[in-house]
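Q: I have a model open and want to learn to read it feature by feature. Where do we start?

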Amino acid sequence: MAEGIRRRSWAEPWKVKVVEPVRVTTRAERESALEEAGWNTFLLRSRDVTIDLLTDSGTSAMSAQQWAAMMLGDEAYAGSANFYHMEEAIQTVYGYPHVVPTHQGRAAEHIISKVLISPGDVIPGNMYFTTTRMHQELAGGTFVDVIIDEAHDPDSEHPFKGNVDLDKMRAVIREHGAKRIPYVSLAATVNMAGGQPVSLGNISALHELCRGHGIPIYLDKTRIAENAWFIKLREPGCADKSIREIILEMCSHTEGAWMSAKKDHLVNIGGYLALRDERVFEEARNLVVVYEGLHTYGGMTGRDMEALARGIYESVDHDHLHSRVGQVVYLGEKVAREGVPIVKPIGGHAVFLNARKFLPHLPQDAFPAQRLTGEIYLEGGVRTMERGIVSAGRDMRTGEHNRPALELVRVALPRRVYTQAHMDVTAETVLEAWDRRDAIKGLEMVYEPKYLRFFQARFRPL
Ligand code: F0G
């Protein structure tokens, strides 16, 4: 994988201007912090974390240009100049004419779900994402997974594990009828599958199929630049296209998109809907004033919108993506070389450890991935996240655990934050847990919140 990266080493296309000290803790301090956090890494305090790989969301470092842009914040309640800069950047890079700002991605998901979904509707998509599905369900819809089978197999080396299986899509249309399908929920990349991309060919074929049935595609373009990078690297005929050309082509097949700007756009907060359909835009722009704020800020400050506008252009820069994805690959190859089971191919924003294979002696009900996040933290103060049975939640109707095939620990890399030395220490930390894996036991859940339980659930070691 990462054909272009392997032969020649790369250096970060930036240098450090400001540093933030991190605290190194003792094992005893980590033991007590983890117990206090109920073995849930979301409940740790960041001061107790040395290398924070919980998420790539809102954790990236802004550039000097972005920080300078913050001083241009126009904090007007209505009609801020920064909104128009952001709108123009979105129109230019993605080609959607209309923009509705929100404070982050799930707020955009909330609004688009309310606008498009009627109770009883079915929403096919390329694997669920936690907040996306939650909002689809709260709007009365049911999510149906139509991703290719390879996506559920951590060992499959398929280059585009984010692709939609068109036969599964046809079956959903046959079973429910196009009228019950308000849109296809297409993510690029697919977070829960391991940061796996969708191919341009697949998006185009899906568009062709859906157009025949009058079903629009809405894109979760949270990590679209990373997806475009993989298309350039892996898809036949795309090597000579620029990242921006690929992105415009991807978006051209879709009716609209939602965005968590906290990832690809290199800002700490922000999101939006980007739309073509006038009526959907009209309705979304109306709802945003109920839930978020006026339609020219939607929960963001002027300075946030200015930094976001600049982040869009930085996010599609070739050298940025080369080192961004290169760092993920560096970490992934380093642990895989020692035998640690990971999701292949290595994705765009994170290395995903396969907890089923890491801890094969534990049943899924003993929350192996959750336990492993705790063990990695104990080993070296490295914070990661569970992406398995806890994240999958319960079936809304039956109340049973959803049981995903993938039982993973996500090691997510913030953009432009950590160095190769941090990656070396992270790999060594994972390897220490690997060396004593046979002695690692499971967990029991002692507190379970109703919604998105992984954020706040508490556990006890068995
Ligand atoms: N869609 C995808 C693919 C995401 O990864 C996220 C957030 C969202 C939507 C929601 O956006 O957080 O701005 O409200 N993912 C974070 C993560 C939380 O750690 O992967 P948000």
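## Reading the model

A: Start with a loop. Pro345 sits in the loop between helix 13 (318-336) and strand 9. Keep in mind that this is a predicted model.

Q: Which peptide bond should I check there, that of Lys344 and Pro345, and what is its omega?

A: Look at the omega angle. The bond joining Lys344 and Pro345 is cis, with omega about -15°. A second cis bond runs from Ala188 to Thr189, with omega near -10°. Thr189 belongs to the loop between strand 5 (184-187) and helix 8 (200-213).

Q: What is the sign of phi at Trp39?

A: Phi is positive there, about 55°, although Trp39 is not a glycine. Trp39 is placed in the loop between helix 2 (27-36) and strand 1 (51-52).

Q: How do I read a sheet?

A: Begin with the general idea. Strands in a sheet pair through backbone hydrogen bonds, in parallel or antiparallel fashion. Now the case here. One open sheet has three strands in the order 9-12-11, and the pairing is antiparallel. Its edges are strand 9 (350-354) and strand 11 (385-387), each paired on one side only. Ignoring direction, neighbouring strands of this sheet are turned by 35° against each other on average.

Q: How many bridges join strand 9 to strand 12?

A: Five bridges link strand 9 to strand 12 (residues 408-412), and the two run antiparallel. For the register, take Ala350: the residue opposite it is Ala412 in strand 12.

Q: Now the ligand. How many residues surround it?

A: Count residues with a heavy atom within 4 Å. Here 17 residues surround the ligand, and the closest are Thr55, Asp220, Ser260, Lys263 and Arg410. The shell holds two nonpolar, eight polar and seven charged residues. Helix 5 (residues 105-116) contributes the most, with three residues.

Q: Which ligand atoms do Arg106, Asp220 and Lys263 approach?

A: Use a cut-off of 3.5 Å between N or O atoms. Arg106 places a polar side-chain atom 2.7 Å from a ligand oxygen. Asp220 has a polar side-chain atom 2.6 Å from a ligand nitrogen. For Lys263, a polar side-chain atom is 2.9 Å from a nitrogen of the ligand. Then check burial. Alone, the ligand exposes 470 Å², and the protein buries 96% of that.

Q: Why does the ligand lie between domain 1 and domain 2?

A: Look at where the shell residues come from. Domain 1 (27-56 + 318-461) and domain 2 (66-315) both give residues to the shell, so the ligand lies between them.

Definitions and conventions. Residues numbered from 1 in each chain as written. Predicted model: local features only at pLDDT ≥ 70, side-chain atom pairs only at ≥ 80, totals over all residues. Heavy atoms only, no water. Polar contact = N/O pair within 3.5 Å; in protein donor to acceptor, adjacent residues only side chain to side chain. Areas by Shrake-Rupley, 256 points an atom, 1.4 Å probe, with all protein chains shown as cover. Helix = DSSP H or I, 4+ residues; strand = E, 2+ residues; numbered from the N terminus. Nonpolar A, V, L, I, M, F, W, Y, C, P; charged D, E, K, R; others polar. Domains from an automatic or database assignment. Pairing = 2+ DSSP bridges. Axes fitted to C-alpha atoms, helices over the stretch in contact; angles between N-to-C directions.
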